[in-house]
Amino acid sequence: MASGVGVNPNCLEEFQALKLKKTHKYIIFTLSSDSTEIVVEKTSSSANYEDFIADLPESECRWGIYDFEFEKEDGGKRNKITFVSWAPDTAKIKQKMVFASSKDALRRSLVGVAVEIQGTDYSEVAYESGVFSIPLFYFDFNSLIASIVLDKASRGN
């Protein structure tokens with residue numbers, strides 16, 4: 001908590017609801033209006049990753065949690081909880097600094113996150129941002145997302 005910003009207990013409650021009860025597919029976090037604590041801005045049960053991306057403001061910082069579900073080659077379903085740190089280039093410098101210095105307080109409190117992604121532009125958090133040389137039309141959406149998450153997890157990112 002280098003910035004002095006705390007994590008509202010509701011953040012942990014909603015994260016546990018996502019992780020254990022599967023009541024949400026994603027959560028968007030932000031700073032309170034007085035910038036003293038991290039709060040839940042939105043929860044959603046939409047499984048569409050595009051909806052998650054659309055909820056990241058174009059010129060303001062946010063943090064997000066997305067529960068990726070994918071099928072392994074052997075047919076078993078798996079989930080990887082992904083933490084997204086969103087700080088667009090168009091955000092104000094002060095806001096970027098507060099969000100950057102407050103991220104660790106939130107990230108450390110969310111036990112069970114498998115992958116962390118940092119984005120400053122929509123292209124960096126879009127599902128096309130994986131390291132694929134094959135055109136995207138060869139992949140179905142869920143397989144592609146799973147591949148990106150698994151690739152980042154295997155590299156320790």
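Two strands pair if DSSP finds at least two bridges between them. The exercises below use that rule on a predicted model.

**Exercise 1. Trace the sheet: in what order do the six strands lie, and which are the edge strands?**

Step 1. Start with β1, residues 6-7. It pairs with β3 in the parallel sense over two bridges. That meets the cut-off of at least two bridges. Within β3, Glu37 is the bridge partner of Gly6.

Step 2. Move on to β2, residues 26-31. Six bridges join β2 to β3, and these strands run antiparallel. Thr30 stands opposite Val39 in β3.

Step 3. Cross to β4. Four bridges link it to β2, again in an antiparallel run. Here Ile27 has Ile65 of β4 as its bridge partner.

Step 4. Put the strands in order. The open sheet reads β1-β3-β2-β4-β5-β6, with mixed pairing. β1 and β6 are the edge strands, since each pairs on one side only.

**Exercise 2. In the hairpin of β2 and β3, how many residues lie between the strands, and which residue takes a positive phi?**

Step 1. Count the link. Five residues lie between the two strands.

Step 2. Check the backbone. Ser35 takes a positive phi, near 60°.

**Exercise 3. Place Ser46 and find its contacts: which side chain does its own side chain meet in a polar contact?**

Step 1. Locate the residue. Ser46 sits in the loop between β3 (37-44) and α2 (49-54).

Step 2. Set aside neighbours within four places in sequence. Ser46 is then in contact with Lys25, Tyr26 and Asp51.

Step 3. Look for polar atoms. The Ser46 side chain makes a polar contact with the Asp51 side chain at 2.5 Å. The cut-off for such a pair is 3.5 Å.

**Exercise 4. How many aromatic pairs are there, and why is the pair of Tyr49 and Phe68 tilted?**

Step 1. Apply the ring rule, with centres within 6.5 Å. The count comes to nine aromatic pairs.

Step 2. Take Tyr49 and Phe68. Their ring centres are 5.3 Å apart and their planes stand at 35°, so the pair is tilted.

Step 3. Place the partners. Tyr49 lies in helix α2 and Phe68 in strand β4, so the pair ties together parts 19 residues apart in sequence.

**Exercise 5. Describe the second largest pocket: what is its volume, and which residues lie nearest its centre?**

Step 1. Give the volume: about 170 Å³.

Step 2. List the lining. It has 13 residues, and Ser85, Ala87, Ala100, Lys103 and Gln118 lie nearest the centre.

Step 3. Assign elements. β4 (62-71), β5 (77-86), α3 (93-109) and β6 (115-119) each give two or more residues to the lining. The largest share, four residues, comes from α3.

Step 4. Sort the lining of this pocket by class. Six residues are nonpolar, four polar and three charged.

How values were computed: Residues numbered from 1 in each chain as written. Predicted model: local features only at pLDDT ≥ 70, side-chain atom pairs only at ≥ 80, totals over all residues. Heavy atoms only, no water. Polar contact = N/O pair within 3.5 Å; in protein donor to acceptor, adjacent residues only side chain to side chain. Contact = heavy atoms within 4.5 Å. 1 Å grid on protein atoms, 1.4 Å probe; cavity = no way out; pocket = protein on both sides within 12 Å on 5 of 7 lines; lining within 4 Å. Points joined across faces, edges and corners; volume = space filled by probe spheres on them. Nonpolar A, V, L, I, M, F, W, Y, C, P; charged D, E, K, R; others polar. Phe/Tyr/Trp six-rings, centres within 6.5 Å; stacked < 30°, edge-to-face > 60°.
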